[in-house]
Amino acid sequence: MSTSAASAQRRYIAGRVLSYALLGIAVILVLFPIYWMVITSLKLPREIYRVPSLWPKTFTLDNFEKLLADGSFMLAIRNSLIVSTIVTLISVTISSFAAYSMVRFRYRFRGVIGRLILFAYLTPGSLLFIPLSIVMAQLRLGNSLVGLVLVYLTFSLPLSTWLLQGYFRGVPRELEEQGMIDGLSRFGALIRIVLPLSAPGIAAVAIFTFTGAWNELLFALVLITSDSQRTAPLALSYLITSDVLPWGPLMAGAVISSVPLMVLYFVAQRFMVAGMTEGSVKG
């Protein structure tokens with residue numbers, strides 16, 4: 001083997017080793033908080049506060065039993081599932097029609113409407129929770145899951161519409177035109193051609209929307225006052241009642257709250273990758 005070939009091989013091996021080392025560091029940085037959350041939820045109080053360690057001496061389910069004793073936290077999980085599912089279904093349905101009209105039709109002020117949608121998405125929620133809470137109070141929806149759904153739609157609809165525009169642009173117009181020549185209406189072409197071809201993107205948008213609604217805390221904290229209407233993030237925040245944080249029950253609640261999202265991402269992982277790749281290409 002020549003000197004240049006040996007040098008190239010050494011550089012190749014060094015590059016691979018460096019790549020795997022960086023990848024390993026990235027994996028540790030991502031997974032360690034999850035590991036610490038799970039391990040802390042299985043520790044006794046004295047191990048949490050006095051002798052923090054990477055591995056508990058005694059495993060216990062006391063934190064989960066304490067959290068689930070009165071059933072209120074599982075009620076909050078149910079409320080989060082209801083709100084997040086309804087928000088996702090409504091948001092994806094409306095934004096599909098809105099994004100399709102923005103991409104395929106030509107009408108006045110289309111560009112202005114598109115910019116307003118993007119501006120609505122970029123507006124911080126901290127600027128909106130006071131006027132939205134006033135509106136919900138006037139509509140008598142201040143302490144209800146219905147009001148929470150309406151409020152969550154204010155930030156999920158702009159995001160979904162903005163993302164779906166990229167996916168719909170990737171569907172060739174010729175396919176719709178061919179379908180309409182064969183007898184389909186514009187609505188039929190949308191339902192039978194565009195939406196099936198954009199299914200990975202729609203799935204990705206649905207997952208993003210569900211995750212945003214599931215993790216939202218600010219609006220829920222402002223609008224919800226009764227125990228029976230609390231969502232999972234709100235129920236977790238109410239576990240903190242003094243200057244001493246109940247880390248055991250908090251981590252147990254975080255583990256339980258993370259399970260639905262982990263299952264959702266695991267099931268839809270293939271759609272997430274395909275959807276994000278397709279949405280990044282502008283047709």
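Is R140 buried or exposed? The exercises below concern a predicted model, in which local features need pLDDT of at least 70, side-chain atom pairs count only at pLDDT 80 or more, and totals for chains, interfaces and linings use all residues. Residues are numbered from 1 along each chain as its sequence is written, and side-chain values use heavy atoms, with hydrogens and water left out.

**Exercise 1. Classify R140 by accessibility and describe its backbone.**

Step 1. The scale is set as follows: buried means under 20% relative accessible area, exposed over 50%, and partly exposed in between, with a 1.4 Å probe and protein chains only.
Step 2. R140 has a relative accessible area of 77%, so it is exposed.
Step 3. R140 is placed in the loop between α6 (129-138) and α7 (145-169). Helices here are DSSP runs of H or I with at least four residues, numbered from the N terminus.
Step 4. The phi angle of R140 is near 60°, a positive value in a residue other than glycine. Most residues other than glycine have a negative phi.

**Exercise 2. Describe how α9 and α10 pack.**

Step 1. Two packed helices are described by the angle between their axes and the distance between the axes. The axes are lines fitted to C-alpha atoms, for helices over the stretch in contact, and angles run from 0 to 180 degrees between N-to-C directions.
Step 2. Helix α9 (residues 186-197) and helix α10 (residues 199-215) have axes 4 Å apart, at an angle of about 70°.
Step 3. The two helices are therefore roughly perpendicular. Angles under 35 degrees count as roughly parallel, over 145 as roughly antiparallel, 65 to 115 as roughly perpendicular and the rest as oblique.
Step 4. From α9, the residues L195, P196 and L197 meet A199, P200 and I202 of α10. The contact residues divide into six nonpolar, no polar and no charged. In this division Ala, Val, Leu, Ile, Met, Phe, Trp, Tyr, Cys and Pro count as nonpolar, Asp, Glu, Lys and Arg as charged, and the others, Gly among them, as polar.

**Exercise 3. Characterise the aromatic pairs and the charges over rings.**

Step 1. Rings of Phe, Tyr and Trp (its six-membered ring) pair if their centres lie within 6.5 Å; planes under 30 degrees apart count as stacked, over 60 as edge-to-face and the rest as tilted.
Step 2. By this rule there are eight aromatic pairs. One of them joins W55 and F59 edge-to-face, with 5.2 Å from centre to centre and 75° between the planes.
Step 3. W55 is exposed at 55% relative accessibility, whereas F59, at 42%, is partly exposed.
Step 4. F32, Y35 and W36 are linked into a cluster by ring pairs.
Step 5. A charge sits over a ring if NZ of Lys or CZ of Arg is within 6 Å of the ring centre and within 35 degrees of the ring normal. The charged end of K43 sits over the ring of W36, 4.5 Å from its centre. R230 lies over the face of Y238, at 3.8 Å from the ring centre.

**Exercise 4. Locate P52, L245 and G147 and list their contacts beyond four places in sequence.**

Step 1. Contact means heavy atoms within 4.5 Å.
Step 2. P52 lies in the loop between α2 (45-49) and α3 (62-68), and its relative accessible area of 56% makes it exposed. Apart from neighbours within four places in sequence, P52 is in contact with K43 and E47.
Step 3. L245 belongs to the loop between α12 (232-237) and α13 (247-267) and is partly exposed at 28% relative accessibility. With residues up to four places away not counted, L245 touches Y49, I240 and L250.
Step 4. G147 lies in helix α7 and is buried, with a relative accessible area of 0%. On the same exclusion of residues up to four places away, G147 touches M136 and L141. G147 and L223 are 76 residues apart in sequence, with their C-alpha atoms 8.1 Å apart in space.
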